[in-house]
Amino acid sequence: MNLTTKAPANTPRQIPKVPVSSERLAQMRAELSNLVSKERPHVIERIKVARAHGDLKENSEYKQAREDQSFLEGKIATLEYNIEHSHVFQKAKTGKVGLGSKVKIRDDMGDAEYTVVGSSESNPTQGNISVDSPLGKLLMSSSSGDKLRLKAPQGERQIEVLGVD
């Protein structure tokens, strides 16, 4: 006898919160405010002016303004979604690597310093690695002095954690 119960098919799926720094959340809010209060009215005005030129089938200015409006509305929707589903993380002060930690490491390629961030803030060239990246996952909860092995497509890398801030 199987007593397993399933959730009804119409149960809303729980959408996970995305970890972001308070700085990134403020940036997203400022960008959204700018798009809604300045860019959107500007595009609407461009559409109005282009529409006044007459025949919309042959009006490239109108078509471009409508494409710009579509792009802008998509960007606004994305920002609203990201803001709504963001979770501001607090930097851990445990001596272990967590979200927001600055980590100094040494491997065969030399010394490097990274900040572990949520996936939406990841930018390895600026030293921000995602908690969801292979290196980010490996570093999570490690401490200064830990020796780790990262399996990468280029082969295995030996990594030593030099410091956690």
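The largest nonpolar core in this predicted model has 15 residues, and the members that touch the most others are Val103, Ile105, Val116, Ile129, Leu135 and Leu139. Several elements chip in at least two residues each: strands E3 (102–107), E4 (110–117), E6 (147–152) and E7 (155–164), plus helix H3 (134–139). There's also a second, separate core of 14 residues, with Val20, Leu35, Val43 and Leu79 among them. Here's a quick tour of the rest.

**A look at Leu139**

- Leu139 is one of the core residues that touch the most other members.
- Skipping its neighbours within four places in sequence, Leu139 is in contact with Val97, Val103, Ile105, Ile129, Leu148 and Val161.
- Two of those partners, Val103 and Ile105, come up again in the list of core members that touch the most others.

**Overall layout**

- The protein chain has 3 helices and 7 strands.
- Read from the N terminus, the elements go β-α-α-β-β-β-β-α-β-β.
- The chain is more spread out than a compact globule, because its radius of gyration is 23 Å, well over the 15 Å that the globule rule gives for 165 residues.
- If you follow the C-alpha trace along its principal axes, it spans about 70 × 60 × 35 Å.
- As for links along the chain, take the contacts between residues at least 6 apart in sequence: 49% of them join residues at least 24 apart.

**Inside and outside**

- Of the 165 residues in the protein chain, 31% are buried.
- The accessible surface adds up to about 11400 Å², and carbon and sulfur atoms account for 52% of that.
- On the charge side, there are 25 positive and 22 negative charges, and their mean positions sit 5 Å apart.

**Zooming in on Asp68**

- You'll find Asp68 in helix H2, which covers residues 60–84.
- Is Asp68 buried, partly exposed or exposed? Asp68 counts as partly exposed, because its relative accessible area is 24%, while buried would mean under 20% and exposed over 50%.
- Leaving out neighbours within four places in sequence, Asp68 is in contact with Val43 and Arg46.
- Asp68 and Val43 are 25 residues apart in sequence, yet their C-alpha atoms are 7.2 Å apart in space.
- Val43 ties this spot to the earlier part of the tour, as it's included in the second core of 14 residues.

Definitions and conventions: Residues numbered from 1 in each chain as written. Predicted model: local features only at pLDDT ≥ 70, side-chain atom pairs only at ≥ 80, totals over all residues. Heavy atoms only, no water. Core = buried A, V, L, I, M, F, W, Y, C linked by side-chain atoms within 4.5 Å. Buried < 20%, exposed > 50% of the residue type's maximum accessible area, 1.4 Å probe, protein only. Helix = DSSP H or I, 4+ residues; strand = E, 2+ residues; numbered from the N terminus. Contact = heavy atoms within 4.5 Å. Rg over C-alpha atoms; globule rule 2.2 N^0.38 Å. Areas by Shrake-Rupley, 256 points an atom, 1.4 Å probe, with all protein chains shown as cover. Lys, Arg positive; Asp, Glu negative; His and termini not counted. Charge placed at Lys NZ, Arg CZ, Asp CG, Glu CD.
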